[in-house]
Every structure is written in structure tokens, then in C-alpha cells.
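Colleague: Mind walking me through the charges and the helices on this one? I'd like to put a few quick questions to you.

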Amino acid sequence: MKIKEVRELDTKDLAERLEAEIAKYNQLKFNHSVSPLENPSEIRATRRSIARMKTVLRERELNK
């Protein structure tokens, strides 16, 4: 998810999307530990997406 897309979401939707991404990340890590994934770079992309979302949430928290 691009930063522009993240910034367009409202705070509630962003928090829900963040929870979903964290669950997806944990599932990817678990699946990768059991058997290698076809595309292990998906783990990195998900982790970076989570970081973007957390950054935007923190910016909004500080600007209030």
C-alpha cells in the first residue's frame, strides 16, 4: 500500500486496516517457518506497509 493511499484513509479505517495487515504478517511468518513461501519478499512488503500505517497514525496523533 502506497503512502498516498494510506493518507487518504480516515483514522478508523486505517486502524482496522493496520490490524488486518498485522494478522496477515503474522500468518506469513508462520507459514514461512513451516514451509518456504514462493515469494518471501511479500513478508518485507507487508512489514513496510505496517510501518507506513503506524507512521501516519502517529502523525495524526501528534497533530491533534
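Here are the questions and answers, based on a predicted model.

Colleague: Let's start with the salt bridges. How many are there by the 4 Å rule?

Modeller: For a pair to count, a Lys or Arg side-chain nitrogen has to sit within 4 Å of an Asp or Glu carboxyl oxygen. Glu59 with Arg7 is one such pair, and Arg58 with Glu61 is another. By this rule the count comes to two.

Colleague: Take Glu59 and Arg7, then. How many residues apart are the two?

Modeller: Their closest N and O atoms are 2.7 Å apart. The pair links distant parts of the chain, with Glu59 in helix α3 and Arg7 in helix α1, which covers residues 3–8. Along the chain the separation is 52 residues.

Colleague: And are Glu59 and Arg7 buried, partly exposed or exposed?

Modeller: The middle class runs between the 20% and 50% cut-offs. Glu59 has 31% relative accessibility, and Arg7 has 45%. So Glu59 counts as partly exposed, and Arg7 likewise counts as partly exposed.

Colleague: What about Arg58 and Glu61: which helix holds them?

Modeller: Their side chains meet at 2.6 Å, N to O. The two are three residues apart, about one turn of the helix. Both lie in helix α3.

Colleague: Why does Glu61 get a class other than "partly exposed"?

Modeller: Arg58, its partner, has a relative accessible area of 42% and is partly exposed. The class "exposed" needs over 50%. Glu61 is at 51%, so it counts as exposed.

Colleague: On to the patch of positive charge on the surface. Which helix gives the largest share of it?

Modeller: The patch gathers Lys2, Lys29, Arg44, Arg47, Arg48 and Arg52. Helix α3 spans residues 41–63. Four residues of the patch, the largest share, come from α3.

Colleague: Lys29 is in that patch too. Where does it lie, and how open is it?

Modeller: Lys29 sits in helix α2, residues 11–34. Patch members need over 30% relative accessible area. Lys29 has 40%, so it is partly exposed.

Colleague: Last one: is Ser49 buried or exposed?

Modeller: Ser49 is in helix α3. Leaving aside neighbours within four places in sequence, Ser49 is in contact with Met1 and Glu21. The cut-off for buried is under 20%. Ser49 has a relative accessible area of 4%, so it is buried.

Key. Residues numbered from 1 in each chain as written. Predicted model: local features only at pLDDT ≥ 70, side-chain atom pairs only at ≥ 80, totals over all residues. Heavy atoms only, no water. Buried < 20%, exposed > 50% of the residue type's maximum accessible area, 1.4 Å probe, protein only. Contact = heavy atoms within 4.5 Å. Patch = residues over 30% accessible without salt bridge, like charges linked within 9 Å, V, L, I, M, F, W, Y side chains within 5 Å. Areas by Shrake-Rupley, 256 points an atom, 1.4 Å probe, with all protein chains shown as cover. Lys, Arg positive; Asp, Glu negative; His and termini not counted. Charge placed at Lys NZ, Arg CZ, Asp CG, Glu CD.
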